[in-house]
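Trainee: Could we go through the pockets together? I'd like to learn how to read them.

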Amino acid sequence: MKPILEASDVTFTYPGAQTPSLHQLNIRIPEGKRTAICGPNGSGKSTFFLHAVGIHRPKSGTMLWKDAPYVYKNEDLQRLRRQVGLVFQDPEQQLILHTTYEDVSYGLRNARLEEQEIRRRTERMLDLMGLTPWAETPLHQLSLGLKKRVALAGVLVLEPELLLLDEPTAYLDRRSEHRLVEELNRIHGQGITVAMATHDLNMAYAWADWILVMYEGACVMEGTPEHVFTEADVLAAYGLELPALVELWKALPADRRLGAKPPRDIAAWKAMQETWR
Ligand SMILES: Nc1ncnc2c1ncn2[C@@H]1O[C@H](COP(=O)(O)OP(=O)(O)OP(=O)(O)O)[C@@H](O)[C@H]1O
Ligand SMILES: [Mg+2]
């Protein structure tokens, strides 16, 4: 497993705080995979992401992009932020311009693309994210879920090499969530590495092919979903439950279980049920 982004022994304390929010954090995001970072409130997921885009700087330890330590100079940070795109947990922190269209096209304009190309890519992204009806709507009039979608669109349109999403499904309805997953899978299919911090363990189990668990500013577990989500006792100690499908599967009599591992999604579950008839 080759890491695209890595924190090595990173410690970080917010100004004025008593305890560090990242505590000798060693964490690696594998290149080319779909990674879910799980962990209870306050475990440091967002703080790690803010380090990944160089907004915060480690007090000790090193952040690495493709094995190269971060350089905290303007030019290097600008390059880094073209390679690593972060969708913030709170969309209010991300949206800066007046309308949806202006905001989604902002990064492209900053990258000095031609006006025609800016329009083509922005319109395509608005369409993909189902935002076209709100293209000219002032952002402050949008619901939180729509703001989240606008923030996502503004990062996706820049086509980063690594896409980091902080709680991307918070505030999204089911339809928007499905649309998001489809879009993430499409992006991943193009060779972009995707990592999300999420409280939705069902989603993590169905979507991710690599799981990282954070607890008190450290990475305490890593592995495939099948591996991580069988360790019920360890997860419970970190304040996490099992995904619903794993719980249900464990409750089945042994002769009803098809194969050695619980199904990853409802379709696979239904296929298993078919064999019971
Ligand atoms: N701006 C800040 N100033 C001071 N302390 C902060 C700040 N932001 C976060 N913290 C603290 O740092 C720790 C880690 O917070 P962080 O937001 O990274 O966790 P998280 O895993 O993203 O949590 P959540 O699941 O609630 O989003 C927490 O103890 C939090 O109180
Ligand atoms: Mg967070």
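Trainee: How much space lies in the largest pocket?

Mentor: First, this is a predicted model, where local features need pLDDT of at least 70, side-chain atom pairs count only at pLDDT 80 or more, and totals for chains, interfaces and linings use all residues. Residues are numbered from 1 along each chain as its sequence is written. A pocket is an open set of points on a 1 Å grid over the protein atoms alone, where a 1.4 Å probe fits, with protein on both sides within 12 Å along at least five of seven lines. Its volume is the space filled by probe spheres set on the points, and here that's about 910 Å³.

Trainee: Which element gives the most to the lining of the largest pocket?

Mentor: Lining residues have an atom within 4 Å of a point, and helices are DSSP runs (H or I, at least four residues) while strands are E runs of at least two. Helix H2 (74-83), strand S6 (84-87), helix H3 (100-110) and helix H5 (144-156) each give two or more residues. The top giver, with 5 residues, is H3.

Trainee: What volume does the second largest pocket have?

Mentor: Its lining has 17 residues, with Arg 174, Asn 202, Met 203, Ala 206 and Asp 265 nearest the centre. The second largest pocket's volume is about 470 Å³.

Trainee: From which domains does the lining of the second largest pocket draw at least three residues each?

Mentor: Domain bounds come from an automatic or database domain assignment. The two domains that each supply at least three residues to this lining are domain 1 (3-242) and domain 2 (253-277).

Notes:
Chains are lettered from A and ligands numbered from 1 in the order in which they are written. Side-chain values use heavy atoms; hydrogens and water are left out.
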